[in-house]
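Thanks, everyone. I'll put one chain on the screen and walk through it piece by piece. Please hold comments until the end.

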Amino acid sequence: MAAPTPAGPTDRRELQTLLRLSDLLTPMALRVAATLRLVDHIHAGTTSTTGLATATGTDHDALRRLTRHLVIHGVLTETAPGRLATTPIGDLLAAGHPARQRDWLDLNGAVSRADLAFVHLLDAVRTGRPAYATMHGRPFWDDLAADPALAASFDALMACDDGVVFDAPLAAYDWTGVQHVIDAGGGTGGLLAALTRAAPHVHGTLLELPGPAATARARLAGHEHRDRIDVLDHDFFTPFPATADAVTLSFVLLNWHDDDARRILAHCRAALRPGGRILLYERADVPNTGSDPVFSLLDLRMLVFMGGRVRTREEWAALAASAGLTIERAAVLQSPSVPFDFSFLVLAPHPTGRTT
């Protein structure tokens with residue numbers, strides 16, 4: 001096969017664009033800034049690179065070179081030689097900011113630590129298998145189970161948007177005829193806390209592994225409707241210990257390969273009472289495009305972290321059919337403070353019970 005003919009003189013702008021796209025440095029510079037809490041130090045009044053180096057325990061020259069890169073990319077601004085201030089973009093890295101970006105990017109936290117596995121993306125693309133264990137020695141969920149601090153950082157990130165994430169999906173479904181809801185893999189209980197508040201007649205059961213279940217019990221201890229929420233230690237890869245009018249899976253199936261997701265759905269289906277439904281809340285676009293940049297980002301994260309995937313509408317339909325289910329309803333939901341759309345899907349058992 002002949003080599004392609006050179007395209008002609010290099011376009012400087014195209015080359016600069018390619019350099020930016022291939023840059024591994026800037027994403028790591030942001031994570032280092034977040035881990036060192038540079039923005040918090042600047043907000044507290046330490047604005048000189050010398051003072052910041054002392055406050056963060058870093059080498060002054062190296063930190064000066066890092067902050068210069070952050071200035072070039074609009075994260076910081078230099079108000080005078082050696083004096084720094086934050087920009088609106090940089091302010092997103094402040095502790096306590098509602099967007100929680102400092103926590104997402106902190107290299108001591110679960111998600112940013114997992115991002116380091118992207119250096120093994122080639123292996124993941126070649127094999128279709130996650131690369132997290134290649135980087136860190138054990139699979140993602142095993143790593144969290146073995147490190148309480150890492151698990152706590154993950155739980156905190158997953159719970160950080162509870163106040164707004166569940167409002168839209170709860171409003172999108174008629175809970176009138178629902179008495180009991182099972183939330184499978186429900187993390188720290190945010191969905192059931194919101195549901196029992198919004199629907200006073202509903203009783204909820206949270207199924208989680210022992211570690212997250214213990215966290216959920218502690219978190220829900222003071223909840224106003226705690227008497228209507230049960231938390232059970234349970235692995236959703238085994239038959240459920242109860243039945244329900246609805247089974248919810250909130251941001252669960254994106255973590256799993258199709259074969260594992262099918263097994264989870266089978267147990268959900270078996271736990272449904274007559275007329276029951278499975279309700280899926282996922283971070284995805286429902287139309288069969290997969291063209292949204294956040295969709296792509298999450299999809300590759302799921303591949304590299306856990307071997308999962310973010311699915312298009314067509315992929316959801318195929319997965320549901322293979323588990324003896326049909327998509328009864330699908331919608332895109334938005335929250336004003338969250339930078340991505342949600343998918344809300346209602347799955348009903350296929351009337352013939354068939355699977356593909």
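One definition before we start: a residue counts as buried when its relative accessible area is under 20%, exposed when it is over 50%, and partly exposed in between. Keep in mind that this is a predicted model.

Start with helix 17, residues 258-270. Which of its residues are buried? They are A261, I264, L265, H267 and C268. These residues sit on the same side of helix 17, because they cover an arc of only 160° around its axis. What do they pack against? On the strand side, the partners are strand 6 (244-250), strand 7 (272-282), strand 8 (325-333) and strand 9 (342-349). Helix 19, residues 313-322, is a partner too. As for geometry, helix 17 has 13 residues. From first C-alpha to last it reaches 18 Å, close to the 18 Å expected at 1.5 Å a residue.

Now the whole chain. It has 19 helices and 9 strands. The C-alpha atoms fill a box of roughly 70 × 65 × 35 Å along the principal axes. There are 356 residues, and 45% of them count as buried. Take the contacts with a separation of 6 or more: 66% of them come from residues 24 or more positions apart.

Next, an annotation. An unreviewed UniProt entry lists residues 24-94 as "domain: O-methyltransferase dimerisation". In the model, that span is 61% helix and 13% strand. Its end C-alpha atoms lie 23 Å apart.

On to a hairpin, made by strand 1 and strand 2. Strand 1 covers residues 76-80, and 4 bridges join it to strand 2. The two run antiparallel. E78 stands opposite L84 in strand 2. Between the strands there are 2 residues, and G82 takes a positive phi near 80°. Look at the side chains of strand 2, residues 83-86. In a regular strand, side chains alternate between the two faces of the sheet. Strand 2 shows that alternation. L84 and T86 point to one face and are buried. R83 and A85 point to the other face and are not buried.

Now backbone angles. Most residues other than glycine have a negative phi. Where are the exceptions worth a look? One is R37, with a positive phi of about 55°, and R37 is not a glycine. R37 lies in the loop between helix 2 (25-36) and helix 3 (38-43). At 36% relative accessibility, R37 is partly exposed. F251 also has a positive phi, near 55°, and is not a glycine. F251 lies in the loop between strand 6 and helix 17. Is F251 buried or exposed? Its relative accessible area is 17%, so F251 counts as buried.

Then the charged pairs. Side chains of opposite charge can pair when their charged atoms come close. The structure holds 18 salt bridges. Here are some of them.

Take R301 and D115, whose closest N and O atoms are 2.7 Å apart. R301 lies in helix 18 and D115 in helix 8 (residues 110-115), so this pair ties together parts that are 186 residues apart in sequence. R301 is buried, and D115 is buried as well.

R138 forms a salt bridge with D143, again with closest N and O atoms 2.7 Å apart. Here the burial is split. R138 is partly exposed at 35%, whereas D143 is buried at 1% relative accessibility.

R217 and D233 meet at 2.8 Å, N to O. R217 belongs to helix 16 (residues 210-220) and D233 to strand 5 (residues 229-233), so the pair links parts that are 16 residues apart in sequence. R217 is partly exposed at 30%, and D233 is partly exposed at 46%.

There is also a network of salt bridges: R100, R102, D103 and D106 are linked in it.

Last stop, back to helix 18, residues 293-306, for L297. How accessible is L297? It counts as partly exposed, because its relative accessibility is 45%. From L297 to V310 is 13 residues along the chain, and their C-alpha atoms are separated by 9.4 Å.

That's the tour. Comments now, please.

Technical notes
Residues are numbered from 1 along each chain as its sequence is written. Side-chain values use heavy atoms; hydrogens and water are left out. Helices (H or I, at least four residues) and strands (E, at least two) are DSSP runs, numbered from the N terminus. The expected span of a helix is 1.5 Å times one less than its number of residues. Buried means under 20% relative accessible area, exposed over 50%, partly exposed in between (1.4 Å probe, protein chains only). The arc is that of the directions from the helix axis to the C-beta atoms. Contact means heavy atoms within 4.5 Å. UniProt positions are given in the numbering used here, feature names are shortened, and annotations may be inferred rather than shown by experiment. Two strands pair if DSSP finds at least two bridges between them. A salt bridge is a side-chain nitrogen of Lys or Arg within 4 Å of a carboxyl oxygen of Asp or Glu.
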